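Q: I'm new to this structure and would like a close look at a single part. Could you pick one strand and walk me through its surroundings?

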Amino acid sequence: MLDLFTIFSKGGIVLWCFQSTSQISQFFIPSVNSLIKTVILQERTSSNNNYEQDSLSLKYRLDNEFDLVFVIAFQKILQLSYVDKFLDDIQLEFRDKYKNDLARKNYFMDFEFSKNFKEVLKSAEEWGKAQACIPKQMRTFNESTKSKKTVASMIERKGDDKENKKNLKVIETQKNDKEVVHNGVSFNEEDLITQNRLKMAQKMGAMNSNKLKKNKEKAPKPSPKATKQPRTWPLGGAAKDISSLDYTKDKPNNNADSPIEIETNNEIVGQMVGSIKDIEIDSDSDEEESDEKFETAAERKRKNDSKKSVFSMFKGLVGRKNLTAADMDPVLEKLKEHLVAKNVAIEIATKLCDSVSSKLEGKVLGSFESVASTVKNTMIESLVQILSPKRRIDILRDAMMAKKNDKPYVMAFCGVNGVGKSTNLAKICFWLIENNLRVLIAACDTFRAGAVEQLRTHTKHLNALHPAKKHNDQQMVQLYEKGYGKDAAGIAMEAINHAKEAKYDVVLVDTAGRMQDNEPLMRALTKLIKVNEPDMVLFVGEALVGNEAVDQLVKFNQALADYSSSVTPHLIDGIVLTKFDTIDDKVGAAISMTYITGQPIVFVGTGQTYTDLKSLNAKAVVAALMK
């Protein structure tokens with residue numbers, strides 16, 4: 001039983017609606033709004049046109065010719081086999097009845113469609129009952145895997161079971177041709193000769209290899225060479241070296257307040273004042289060559305023919321038929337391969353191509369438009385929309401607002417091992433102190449050896465670049481540390497309280513790297529986020545990864561949701577994409593990460609120095625992706 005059926009335009013105008021009861025709309029309106037917001041507006045349509053939320057299931061059809069959306073809603077527990085057929089039939093019925101009005105965009109009229117709706121629904125329900133009574137058909141021989149076997153695939157080769165060879169026997173056919181029967185499959189005499197020759201070649205090869213082995217065994221063994229003696233290194237870890245190798249505490253005259261001078265590159269000071277610059281990607285490419293990459297063979301032939309004939313230019317003035325899935329499949333297949341080659345996850349590339357297909361199916365091509373260029377331009381629009389932030393992200397403004405409210409702005413960094421969390425935290429810290437914000441770094445990676453020392457070194461260098469005497473004798477960066485083996489959530493809480501008392505503007509929480517499948521460490525991260533409630537949780541990921549990025553983000557978000565007892569758990573708010581300078585134009589990881597979470601890429605790491613921090617330029621990334 002259908003609970004809700006509605007027809008509306010892509011502009012949001014409801015043309016016609018059916019409700020089973022008057023109160024049913026209050027249950028389905030949130031689900032329909034969610035479908036519009038997360039699927040239709042963001043162009044994330046799937047191949048099966050299905051959307052589920054809680055206990056409700058929604059099926060939809062897009063009519064790209066008239067910009068209409070047909071939506072059916074029903075309880076997920078119901079198995080309605082006729083829904084797809086009903087949607088196809090009702091779409092055709094509505095189009096045929098109001099074709100002229102829809103072509104003129106006359107949406108503000110009284111659509112009398114109740115009678116047609118009941119007739120189509122009744123017909124679809126009867127069709128579903130009839131299909132349920134039909135017994136399941138067996139597969140034909142041509143559909144089975146046995147029909148695809150060839151004689152060549154049945155020929156025995158080295159390593160086959162020797163017992164099966166005893167089952168071979170020779171029989172005479174009516175034409176006096178000799179055949180061999182093996183497990184009910186007959187071979188003619190030529191196949192038998194080919195098989196025997198193969199056996200002979202294998203035996204000869206085995207004999208030659210045995211001779212070589214015997215000759216090697218008879219050969220005299222060379223005398224053993226003198227082995228290299230291990231080198232004795234200074235500070236090798238003996239008892240006398242313990243005091244020199246102990247870095248758990250600062251040496252005398254080498255702490256954060258020490259007057260000892262540190263070599264700094266003062267040229268970078270002042271380069272990151274204000275907002276972060278957009279990343280620049282070399283994406284200069286010939287548009288014609290790029291379009292030719294996705295063209296089908298039929299389009300290339302038509303283009304070549306058009307160059308030969310003078311009158312062919314008049315053929316282009318005649319309107320093309322509506323785009324179908326068959327027209328787009330060859331282009332979309334090439335486009336998917338191109339996206340995967342540029343490091344986009346396979347699952348994401350497939351979903352993007354399905355979304356483009358749903359968006360273009362039924363659309364009428366212009367007089368001088370090709371399928372390849374139309375599909376490519378639509379894909380570019382979708383990719384730019386995915387990478388564009390859905391909400392305002394202005395960390396400097398948010399930090400200043402928190403400062404006015406006498407509380408620090410807290411940012412927590414999480415991610416897997418070795419992606420560059422501490423390094424990029426130091427870059428962000430440099431950007432913040434360049435904009436006159438005091439920063440407290442919380443060393444909450446109490447697991448990795450050397451993690452605290454790494455942050456301590458960064459703190460010294462940052463304070464050397466921005467000494468206290470330039471900022472009214474205020475230390476711009478301080479490290480809050482409690483050593484190793486402590487509770488990370490407790491250290492973060494103490495750091496935030498210390499920041500409130502010492503009037504620090506921003507707290508940057510560094511966490512230990514952890515794999516997405518490590519449940520104890522994921523529970524610890526969830527505890528840290530829940531207890532301290534940071535203003536922003538940033539996931540740090542590599543630009544080098546493809547399919548792994550999808551798995552990492554999905555499981556990190558899922559763990560934060562599952563292990564938090566809160567009704568509205570704090571999930572990932574943004575992404576820091578590191579090592580972007582190592583991937584050339586294979587920028588697909590940016591698409592994969594943003595598509596999965598729907599959250600923006602806030603920072604992009606492009607090197608090792610403090611100034612190698614950029615913001616994402618969606619158009620430049622998409623241009624590089626489609627190059």
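A: Here is a walk around one strand, followed by a few stops elsewhere for context. Keep in mind that this is a predicted model.

Let's start with strand β15, which covers residues 601–605. Is it enclosed or open? Count its residues: 5 of the 5 are buried, so β15 is largely enclosed by the rest of the structure.

Now for the neighbours. Strand β14 (residues 574–578) runs parallel to β15, and 3 bridges join the two. If you want a spot to zoom in on, Val576 stands opposite Phe603 in β15. There's a helix in this story too: β14, helix α20 (residues 588–597) and β15 together make a right-handed β-α-β unit.

β15 also pairs with strand β16 (residues 613–614), this time antiparallel, through 2 bridges. Here Gly605 is the residue to find, since it stands opposite Leu613 in β16. As background, side chains in a regular strand alternate between the two faces of the sheet.

For another buried spot, hop over to Ala124 in helix α4 (residues 114–133). Its relative accessible area is 0%, and under 20% is what it takes to be called buried, so Ala124 qualifies. Leaving aside residues up to four places away in sequence, Ala124 touches Tyr82 and Phe86. Ser81 is 43 residues from Ala124 in sequence, but their C-alpha atoms are 9.2 Å apart in space.

Charged pairs are worth a look as well: a search of the whole structure finds 19 salt bridges. One of them joins Lys76 and Glu52, with the closest N and O atoms 3.7 Å apart. Lys76 sits in the loop between β5 (68–75) and α2 (83–97), while Glu52 is in strand β3 (residues 50–53), so this pair ties together parts that are 24 residues apart in sequence. Both partners are partly exposed, Lys76 at 34% relative accessibility and Glu52 at 45%.

Other salt bridges stay inside one helix. In helix α12 (residues 346–360), Lys351 and Glu347 are 4 residues apart, about one turn of the helix, and their side chains meet at 3.3 Å, N to O. Helix α19 (residues 547–562) holds Asp551 and Lys555, again 4 residues apart and about one turn, with a salt bridge of 3.4 Å between their side chains. Asp551 is partly exposed at 26%, and Lys555 is partly exposed at 31%.

Last stop: Lys59, Arg61, Asp84 and Asp88 are linked in a network of salt bridges.

Notes. Residues numbered from 1 in each chain as written. Predicted model: local features only at pLDDT ≥ 70, side-chain atom pairs only at ≥ 80, totals over all residues. Heavy atoms only, no water. Buried < 20%, exposed > 50% of the residue type's maximum accessible area, 1.4 Å probe, protein only. Pairing = 2+ DSSP bridges. Right-handed = clockwise from strand over helix to strand, strands pointing away. Contact = heavy atoms within 4.5 Å. Salt bridge = Lys/Arg side-chain N within 4 Å of Asp/Glu carboxyl O.
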